[in-house]
Amino acid sequence: MKLILDKINSPKDVRRLNLSQLNRLALELRSFLVENVSKTGGHLASNLGIVELTLAIHYCFNTPIDK
């Protein structure tokens, strides 16, 4: 299965996704975070809590142009 995360190179790529793809991307990001934090250690909760916020900002705004 090809990951959506592998296709994201800029905020513009996030804006092209439909809602189903955005949900899948959020799951992929959480999996990536859990996998990597379990290897290196660190605080996981704050990273997991910001996934939807970050996707929403890049989806709704023309980052980095919009201030």
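A salt bridge is counted here where a side-chain nitrogen of Lys or Arg lies within 4 Å of a carboxyl oxygen of Asp or Glu. The model is predicted, so local features need pLDDT of at least 70 and side-chain atom pairs count only at pLDDT 80 or more, while totals for chains, interfaces and linings use all residues. Residues are numbered from 1 along each chain as its sequence is written, and side-chain values use heavy atoms, with hydrogens and water left out.

**Exercise 1. Salt bridges**

Task: Find how many salt bridges the rule gives, and describe the pairs of R16, R24 and K39.

Solution.

Step 1. The rule yields four salt bridges. Side chains of opposite charge can pair when their charged atoms come close.

Step 2. R16 pairs with D13, and their closest N and O atoms are 3.3 Å apart. For burial, the classes are buried (under 20% relative accessible area), exposed (over 50%) and partly exposed (in between), with a 1.4 Å probe and protein chains only. R16 is exposed because its relative accessible area is 60%, whereas D13, at 15%, is buried.

Step 3. R24 pairs with E28 at 3.1 Å between the closest N and O atoms. Both residues lie in helix α2 (residues 19-40), four residues apart, which is about one turn of the helix. Helices are DSSP runs of H or I with at least four residues, strands are runs of E with at least two, and both are numbered from the N terminus. R24 is partly exposed at 31% relative accessible area; E28 is buried at 10%.

Step 4. K39 meets E35 in a salt bridge with an N to O distance of 3.5 Å. These two residues are also in helix α2; they are four residues apart, so about one helical turn separates them. K39 is exposed, with 61% relative accessible area, and E35 is partly exposed, with 45%.

**Exercise 2. Fold and overall dimensions**

Task: State which secondary structure elements the chain contains and what the C-alpha trace spans along its principal axes.

Solution.

Step 1. The chain has four helices and zero strands, in the order α-α-α-α along the sequence.

Step 2. The C-alpha trace spans about 35 × 30 × 20 Å along the principal axes.

Step 3. Of the 67 residues in the chain, 19% are buried. The accessible surface comes to about 5000 Å², and 61% of that belongs to carbon and sulfur atoms. Such areas come from the Shrake-Rupley method with a 1.4 Å probe; for residues, only the protein chains shown count as cover.

Step 4. A contact means heavy atoms within 4.5 Å. Among contacts with a separation of 6 or more, residues 24 or more positions apart account for 43%.

**Exercise 3. The surroundings of L17**

Task: Decide whether L17 is buried or exposed, and list the residues that L17 touches beyond four places in sequence.

Solution.

Step 1. L17 is in the loop between α1 (11-15) and α2.

Step 2. L17 is buried because its relative accessible area is 11%.

Step 3. Leaving out residues up to four places away in sequence, L17 touches I4, I8, L22, L25 and Y59.

Step 4. For one of these, I4, the sequence gap to L17 is 13 residues and the C-alpha to C-alpha distance is 9.3 Å.

**Exercise 4. Helix α4 and the segment after it**

Task: Identify the nonpolar surface patch that includes I57 and the peptide bond geometry from T63 to P64.

Solution.

Step 1. I57 is found in helix α4 (residues 51-60). At 36% relative accessibility, I57 counts as partly exposed.

Step 2. Patches are made of residues with over 30% relative accessible area and no salt bridge; nonpolar side chains (Val, Leu, Ile, Met, Phe, Trp, Tyr) are joined within 5 Å, and like charges within 9 Å. I50, L53, I57 and F61 form such a nonpolar patch on the surface, with about 350 Å² of accessible area together.

Step 3. P64 lies in the segment after α4. The peptide bond from T63 to P64 is cis, with omega near 0 degrees. Most peptide bonds are trans.
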